[in-house]
Structures are given as structure tokens and as C-alpha cells.
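Visitor: Could you take me through the inside of this protein, and take your time over it? I'd like a close look at how the nonpolar core is put together.

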Amino acid sequence: MFLLGFWIYLLAVCMLLDVIDCALPSRGAYSESLDLKPLPRNTLLASFNFEIYSDSAAKNGLGYGTDGAEFLAHYGLFPRSVGQIVKSTQTHELHLRFTQGWWDSEEWGLLPHNGKYTGGTGVEVWAWIAAEQGDEAENSWYELVNALSGLFCASLNFVDSTRTTPNPISFRPDSSVGSSSLFTNQTARKSNVSSTLHLYHGSLPRETVCTENLTPFLKLLPCKGRAGVSSLLDGHRIFDSKWQSMALDFVPVCDSDNGCRQHMTQKVDVVLDVLRSLQRKHAPVPKPLPLEELQCDTSKSYHSESICFPLPSPRVVDWKLSDVFGRRIKNRCLLDQRSEYDVSSYSVCTHITPEWHLTREGGTVVSSTSSKTCFSLHENDEFDVGFSTSNSTSVSRNEQPPVYIQRSMTGRGQQNGGVQTIIHNPSMTDAVSLIYFESLPWYMKPYIHTLAASLSSSASSTTAAIKEEVVKDLLYRPFLERVRGTYLELKLEIPPESKLTISYDFDKTLLYMAEYPPDANRGFDVPPGILTVLTKEDNGTISYAYTLRTSSLLLSLPTPDFSMPYNVIILTSTVMALAFGTIYNILVRRFVYEEDMVSEHIPLMQKVKQRIRALFVFRKTAPEGDKPPESDKLKEDTDAKDKILDKK
């Protein structure tokens, strides 16, 4: 009621005073776009870009006050769920990645956005947190990952001290704003002491990215995936791709005109197999092709009816955007306030060669060249674009990455092993400087004295390199068992057209039984290594030009036979049951003759009759020779009964 009364009061004052410039605070800014680029082998790279700016009312950074107008205006378009999390945890910057699949650098070239918005396999998160003390920042970090776990339906709550790396140099904040202008807690305000930024990084390579993560990701957008380019994001299509990455970046932006605003960037990059998507359209249930529909290379000598060597992907293709994503773009997101006819405000843009032909349904062409065509969406009509060519191998030139990297396990057995990383500099003229970062779990115990480096090039054979020549700097933090993992960071310089091989040995640890996952024989996932390429600007500053990750490793640890505890439990339970049953019977059960048990249940009159009959039989006289053969036995039984009766 207070907020409603405030707005009514504000409107009344504006109407009475007839103030021309009196207007409600802005709701922020929002923009979205989609870039489409065909890749070799009939694949398509689709990059979805979403940017949200908060309003300009929060001129004191993120520490906005309790004023109702400022509070509502601040969360006009900016999602309140994210804003409240970063505010409560004093997060200066937040970077979250969901990635699945493998990027083929040799076929597809550079990563989208130079790898800035790409993470390693699984889930990766890092953040700068403002706090005076390290313990306070660490507690805020764990509070942050737990809140993100609930918001995105991910297992980020498992990012504990064993999966956290503090202050790696491979990451730099994107904002140039000092911590004092954004975050200052109550103690710092009173003492005029600025907080310090603490960087924390964590990853979960075992995490599987699925629709449960995509749905809350779309709910953060103003149009919630119901309109605009976000309406193409269908989980069935996105997660059927060869590679996909979702990124969320929260970075404060400050300038002299608008003060400080919150800026959140959301990106979805996906590489789709066009032929597989078309096949899904015609045959939703996968079925093997009939023999007459198989495209085989008949020029092979071994070709026969039972042997088929498949032909390369067809060159003549004709498909639409709706065929690949299963739907059209549902009109324009009305919250995107850019002009429909502004060249810089395109919504869909294609990057093709002149051999490709485009057909569109709906929308407006805002710019067109031989290699790039951009469209703007309308409010009330759907949009679709078709691609056709007679030579699908003709695609836009893919720039060569500055480096290639691959990492693998070495050794055998369950006691020890090794890790080998090969970094290739393809340039023939320029050396490359880079930072290589690895975060190893605590159950991998590396020996830093076994760290070795070797160089090889096409002009010379492999030679053992001096560490000082290749490894310019080294940061190493040893593990603490069940407390923290190993942190290794190397600053390297690789000569032109050379391959650098880095290797080291490690020991494996036998875990407790409760520490093994349900599928322990599958192995344990080791986080990917992060490679950052450094470039020197004209003014002498060092910038991070390109970032890429290795694939995650699968580590096989000594695994006990989990059926043995079951066998031990069964055997122990059987022995205890036998022993307990015997002892219980001895202590509790009373042993008597059967006749006694029978006599106890005979009525009194029948007992009297039996006694009289017994007296009559035993007192009857007869010669011993004339006694029947069983008379002796009968007498013994009768005497025994008489004794029992006498005792009673």
C-alpha cells in the first residue's frame, strides 16, 4: 500500500505542476540477438546473446537503499532472484558456465567470443567477493554456490573446500570498478575502510547439463522464452547437439553519467548437426535406413551388398531454421526497446559465403553483404529463414586458434599414474605466452619434482627443455587430504611452430567406503585444465586474448569389491543367529519327559482311573513262566509312573 500510494502521489504532483521532464524511473535496458554460422560437415553454430542492464537509479552501486521507488525501478527488467543473491553475498562479479560436449578446434576454428563465455565440461563457477577477511569471503562463497544451486537446479552445493581454488591468476575481473565503489559493509562504512576482492573458483566436471538447468536460465529473461529469439531454445534440440554452452555473467558497469548499474549477460552457444535434426523431423523414432537408401562409396574395392563405406555429407542441402529447432521465432520481444530499423539493433544475423542462398519469412532486412545478412523482427509475425546451397563445404573462413591443447592420463595400475599435456603453437613466426591452470582433487597426489617439459618442432627432434626457458613462473599449492586439492599454475612461453609436452607423476589414494560414488567402477572426473593466451597491447599492458579448456579426465582409483561387505554381513548375521538361538534355548527352555507333558494335560478323573487300573494290573498274581513277554516292560513303565505320581 505504501508503494502504491507513493506512485499515486508522484503522478499527482507531476500533473499539478505540469512538469514536462517528470517521468517514472527507467526500467533498464534489454537487447537480444542470434548469430547463425554454417560450419563444415553440415553443422550449424547458433549463438544466442542476451544483455540486461538495470536502471540508472542505483547511483551508489549495488548498495541501493530502502526507498520503494528505487527498489522497484532497480528490478524493472533485471531479475530480482540474481540481484538478491549477489547483494546478500557481497558478490562483485559472478561467472557461471554450463557446458556439454567437445569443441573441435581443427574443424570449427576459434571458440565463440574467443572462449570468454565458454566453460569446461560440466558446471564451472567463479566469483569476486568483497570482504575484509578471507574467512568472511569464504563463507560468502559457500553461501553463493548454495543459492545458485537452488536457483539453477544444479549440484553446486557440492562445491566445498576440496573443489574450491582461491585467487588463481588465470582470471581477471571484467569490470574496472574498484570494490569500494560497489560493496562496503557496515563495519567498513563506519571506519571508511574499503573491502578487498577475493576470487574463488570451483567446478563440477561430473555434472550433467540438462533441461532442468535450461528452464531456470530462460526464466531470468524478460520474455521468459515465449517471444523473441529465446523462443527457439527447446531442450530437446539444444541437448541433442554436438556441443553446447550456457553462460551467465554478472558485472557492474559504472560511468559518470548514469552511475553504477548492474549488467547481466546470458549466452547460449550450440553446434547442431543439421542432417540429424532433419532426420528427427521426418522420423522422430530413430530407425536404421533401408539398404536401398544407404549412400555408399561404390568405388571401394571391398564394396558389396553386406559392406558399405559411407559417402561424405551431401553437398546439396536445403533447410530452414524451423527444421533445425523445431519451431519458428515467435515475433519480437516487446521489452527489447531498440528500433526495428536500426542497423545496430539486429535480432538475427547470418554469416555465410556467396554460394549460400537465403529465403526469409517475416522480419525486415536491415543490412546485407556478401558474407553477412542481418534481420530485424516484427511485433506481430513469426520469423523463419531458409538456407540452401549446392556446396555445403563452402563456409565462412574459420580463424585458426592461437594454440591447440590436449591432455591425457599415462601409466597403468591402481597405485600410481601420470598426466601428460601437449600444447601446440601453430604459428610459424610468433611465440606465444600463456598461463596454464590445473585444479586437481585431493585423492590425486602429484610429485612436483617429477614435473618435466620437452619441446619438439618440425625442424628438430624432441629435446628435453630447460624449465627456466619454457616455464617462466610456477604457482603451486599442495593438497591436504580431505581438506583441499592441489593447485598448479604455470606461466609458459612456447616458440613458433613447436609442441610443448608437460608431464608429472602422481599417486592414487584408497578412499573410505562412503566416499565412493554409486558407479565407482566408472571412475572419477578430473576438472579440465584452463589455458589462457596472453597478448601485449601497444601501451604495454597484458591482456587475456583467448581462453580454452581441455577435456576432463577420467581417473580410475583402487576400488574395493563392494559385494564383500554384503557377504560379511550375511555370514556374520548367520553365525550370530545360530549362537544366539542356541544360548537362548539353553537359558529359557525347560526340558521334561514327554509323559510328564502328557500327564499335565490329563483331567483329574482320568488320572484316578489310570492309577486304579495300574494298581490292579501290578497286584495281580501269576506264575513267572506264564507271564507274557511284555510284562517286564509294562512293569517298568508302571513303576516309573508310580514314582512320578508319588513325587507329585
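Guide: Sure, let's go straight in. The largest nonpolar core here has 70 residues, and keep in mind that we're looking at a predicted model. Within that core, the residues with the most contacts are Leu34, Phe48, Trp141 and Leu156. Helix α5, spanning residues 134–152, supplies seven residues, the largest share of this core.

Now zoom in on Leu34. Leaving aside residues up to four places away in sequence, Leu34 touches a run of three, Ala46, Ser47 and Phe48. Its other partners on that count are Val229, Leu232, Leu321 and Ile329, plus Ser347, Val348 and Cys349. Apart from this core lies another one, of 44 residues, and Val470, Leu490, Ile502 and Leu511 are among them.

For contrast, step out to the surface. Phe580, Ile583, Tyr584, Ile586, Leu587 and Val588 make a nonpolar patch of about 710 Å². Take Leu587 from that group: it sits in helix α12, which covers residues 563–588. Leu587 counts as exposed because its relative accessibility is 70%, and the cut-off for exposed is over 50%.

A word on confidence before you go. The protein chain averages a pLDDT of 82, with 80% of the residues scoring at least 70. Over residues 57–73, though, the pLDDT is below 50, and this stretch has 35 contacts in the model beyond near neighbours in sequence. Residues 177–194 also have a pLDDT below 50, and that stretch has 35 contacts beyond near neighbours in sequence.

Note on methods. Residues are numbered from 1 along each chain as its sequence is written. This is a predicted model: local features need pLDDT of at least 70, side-chain atom pairs count only at pLDDT 80 or more; totals for chains, interfaces and linings use all residues. Side-chain values use heavy atoms; hydrogens and water are left out. Patches are made of residues with over 30% relative accessible area and no salt bridge: like charges are joined within 9 Å, nonpolar side chains (Val, Leu, Ile, Met, Phe, Trp, Tyr) within 5 Å. Accessible areas come from the Shrake-Rupley method with a 1.4 Å probe; for residues, only the protein chains shown count as cover. A salt bridge is a side-chain nitrogen of Lys or Arg within 4 Å of a carboxyl oxygen of Asp or Glu. Helices (H or I, at least four residues) and strands (E, at least two) are DSSP runs, numbered from the N terminus. Buried means under 20% relative accessible area, exposed over 50%, partly exposed in between (1.4 Å probe, protein chains only). A nonpolar core is a set of buried Ala, Val, Leu, Ile, Met, Phe, Trp, Tyr and Cys residues joined through side-chain atoms within 4.5 Å. Contact means heavy atoms within 4.5 Å. pLDDT is the predictor's confidence in each residue, from 0 to 100.
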